[in-house]
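Student: I have a ligand site to go through. Where do we start?

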Amino acid sequence: MPQLLALTGSPSAHSRTAVVADHVLRRLAHSGFETAHLAVRELPAADLLSARRGEPEIRRALDAVAEADGIVIATPVYKAAYTGLLKAFLDLLPQDGLAGKTVLPLVTGGSLAHVLTIDYALRPVLAALGARHVTAGRFVLDSAVEHGSGPGRLRPELELDLFQAVDEFADALRAADATARGGPALTAAP
Ligand SMILES: Cc1cc2nc3c(=O)[nH]c(=O)nc-3n(C[C@H](O)[C@H](O)[C@H](O)COP(=O)(O)O)c2cc1C
């Protein structure tokens with residue numbers, strides 16, 4: 001089964017973006033995928049900002065990205081783009097660091113004014129890193145995410161839409177896995 005990694009880029013200890021990513025990972029784990037969550041904020045800040053790729057925690061994080069078949073990349077909108085924290089980590093990846101991978105982009109934000117952040121800010125970076133297939137992402141309003149002491153919750157109508165994106169991502173991963181194993185190629189719908 002393909003391995004999945006959620007990479008989240010919020011500096012917040014009570015991150016709504018992380019709630020959304022965990023929700024997505026639970027569904028993918030339920031479908032049989034191996035999942036893990038890497039919150040960039042948990043990496044040692046000085047090593048991250050000084051690009052010390054050889055330090056153990058940074059090395060392990062980079063290896064986790066390299067070994068994943070699929071990446072859920074989730075970030076809050078900060079000043080109309082992804083966070084600087086996420087970019088600091090992406091800058092440590094090799095130029096083709098997402099080559100061969102299937103990627104699901106997720107963005108949370110406070111206003112629909114920045115709904116295009118996925119397409120105008122995040123997608124170009126994912127393409128530059130060689131992502132094989134970036135599936136349709138979702139922008140989630142922060143007001144739709146509740147987080148408290150438990151695992152956090154999403155509004156039901158939002159959950160349905162989010163899970164549609166997750167299921168498309170899972171299908172793309174299975175197709176990539178079948179192709180890599182020499183299975184039947186996907187045919188276009190008539
Ligand atoms: C420094 C900062 C900048 C932000 N800039 C934007 C913005 O430009 N557009 C927007 O829609 N929301 C913006 N927000 C709101 C966050 O994107 C939103 O609350 C998000 O869900 C927070 O995610 P988190 O809880 O994972 O950190 C900003 C929040 C902060 C703290």
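Student: How far is a polar backbone atom of R16 from an oxygen atom of the ligand?
Tutor: This is a predicted model: local features need pLDDT of at least 70, side-chain atom pairs need 80 or more, and totals for chains, interfaces and linings use all residues. Residues are numbered from 1 along each chain, and side-chain values use heavy atoms, leaving out hydrogens and water. From the R16 backbone atom to the ligand oxygen is 2.8 Å.

Student: Which residue has a polar side-chain atom 2.6 Å from an oxygen atom of the ligand?
Tutor: Two residues fit. An N or O atom in the S15 side chain is 2.6 Å from a ligand oxygen. The other such residue is T17.

Student: How much of the ligand's accessible area does the protein cover?
Tutor: Alone, the ligand has 650 Å² of accessible area (Shrake-Rupley, 1.4 Å probe). The protein's share of cover is 74%.

Student: Which elements give two or more residues to the shell around the ligand?
Tutor: Elements are DSSP runs: helices of at least four residues, strands of at least two. Those that qualify are α1 (16-30) and β4 (102-109).

Student: How do α1 and α6 lie relative to each other?
Tutor: α6 spans residues 156-180. Its axis is 10 Å from that of α1, at about 55 degrees. Angles outside under 35, 65 to 115 and over 145 degrees count as oblique. The two helices are therefore oblique.

Terms used:
Polar contact = N/O pair within 3.5 Å; in protein donor to acceptor, adjacent residues only side chain to side chain. Axes fitted to C-alpha atoms, helices over the stretch in contact; angles between N-to-C directions.
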